[in-house]
Amino acid sequence: MAESSIVIWGSGAIGRGFIADLFQAGGYEIVLVDQAQSLVEQLRRARQYTVVRAKSEAEREEITIKNYRVYSTGEAAALQTEVNQCRLIAIAVYPPAFDTVA
């Protein structure tokens, strides 16, 4: 694990898209966490995904996010290790889920 990893709790459009793109561009290793086991499995199988940066309809750039790790919220021991060793944590969940994440 790199000394510059970020754990992103919530792998939806904001977490997996905007936050992962921003921090990967800054040299961080990406660690995604989500409660949806099907999404976790899909991200593990794919091993990469594309984010579209769009300044306008005509000006678009596709960015590939890869070399990430992804965990389900049920993988407590692995998550504890990642959290202990990461530099930053981002929470990208809807407000009603904050209590559950905490």
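Start by selecting Glu 61 and Arg 53 in this predicted model. Their side chains meet in a salt bridge, with N to O at 3.7 Å. Colour the pair by accessibility and you will find Glu 61 partly exposed, with a relative accessible area of 41%, and Arg 53 also partly exposed, at 32%. Now add Asp 21 to the selection: salt bridges that share partners join Asp 21, Arg 53 and Glu 61 into one network. As background, side chains of opposite charge can pair when their charged atoms come close.

The structure holds 6 salt bridges, so let's visit two others.

Select Lys 55 and Glu 59. Here the closest N and O atoms of the salt bridge are 3.9 Å apart. Lys 55 counts as exposed, at 71% relative accessibility, while Glu 59 is partly exposed, with a relative accessible area of 44%.

Next, pick Glu 82 and Arg 69. Their salt bridge brings the closest N and O atoms to 2.7 Å. This pair links distant parts of the chain: Glu 82 sits in helix α3 (residues 76-85) and Arg 69 in strand β5 (residues 69-72), 13 residues apart. Is Glu 82 buried or exposed? At 1% relative accessibility, Glu 82 counts as buried. Arg 69, at 22%, counts as partly exposed.

Time to go inside. Hide the charged side chains and show Ile 6, Ile 8, Ile 30, Leu 32, Leu 43, Tyr 49 and Tyr 68. Within the largest nonpolar core, which has 17 residues, these touch the most other members. Which elements each supply at least two residues of this core? They are β1 (5-9), α1 (13-25), β2 (29-34), α2 (37-46), β3 (48-54) and β4 (60-66). The largest share, 3 residues, comes from α2.

Stay with Tyr 68 for a moment and display its contacts. Leaving aside residues up to four places away in sequence, Tyr 68 touches Ile 30, Leu 32, Leu 43, Ala 46, Arg 47, Gln 48 and Tyr 49.

Then move to another core, which lies apart from the largest one and has 7 residues. To find it, select Trp 9, Tyr 71, Leu 79 and Cys 86, which are among its members.

Trp 9 leads us to the next stop, strand β1. Show the whole strand with its side chains: 5 of the 5 residues of β1 are buried, so the strand is largely enclosed by the rest of the structure. Look along β1 and compare the two directions. Ser 5, Val 7 and Trp 9 point one way, whereas Ile 6 and Ile 8 point the other way. In a regular strand the side chains alternate between the two faces of the sheet.

Finally, switch to a cartoon view and look at the strands that pair with β1. Add β2, which pairs with β1 in the parallel sense over 5 bridges. To see one such position, select Val 7 and its bridge partner in β2, Val 31. Follow the backbone between these two strands: the chain crosses from β1 through α1 to β2, and this β-α-β crossover is right-handed.

Now add strand β6 (residues 88-91). It runs parallel to β1, and 4 bridges join the two. For a last selection, take Trp 9 and Ile 91: Trp 9 stands opposite Ile 91 in β6. Trp 9 thus closes the tour as a residue you have already met in the 7-residue core.

How values were computed
Residues are numbered from 1 along each chain as its sequence is written. This is a predicted model: local features need pLDDT of at least 70, side-chain atom pairs count only at pLDDT 80 or more; totals for chains, interfaces and linings use all residues. Side-chain values use heavy atoms; hydrogens and water are left out. A salt bridge is a side-chain nitrogen of Lys or Arg within 4 Å of a carboxyl oxygen of Asp or Glu. Buried means under 20% relative accessible area, exposed over 50%, partly exposed in between (1.4 Å probe, protein chains only). A nonpolar core is a set of buried Ala, Val, Leu, Ile, Met, Phe, Trp, Tyr and Cys residues joined through side-chain atoms within 4.5 Å. Contact means heavy atoms within 4.5 Å. Two strands pair if DSSP finds at least two bridges between them. A crossover is right-handed if, with the strands pointing away from the viewer, the path from the first strand over the helix to the second runs clockwise.
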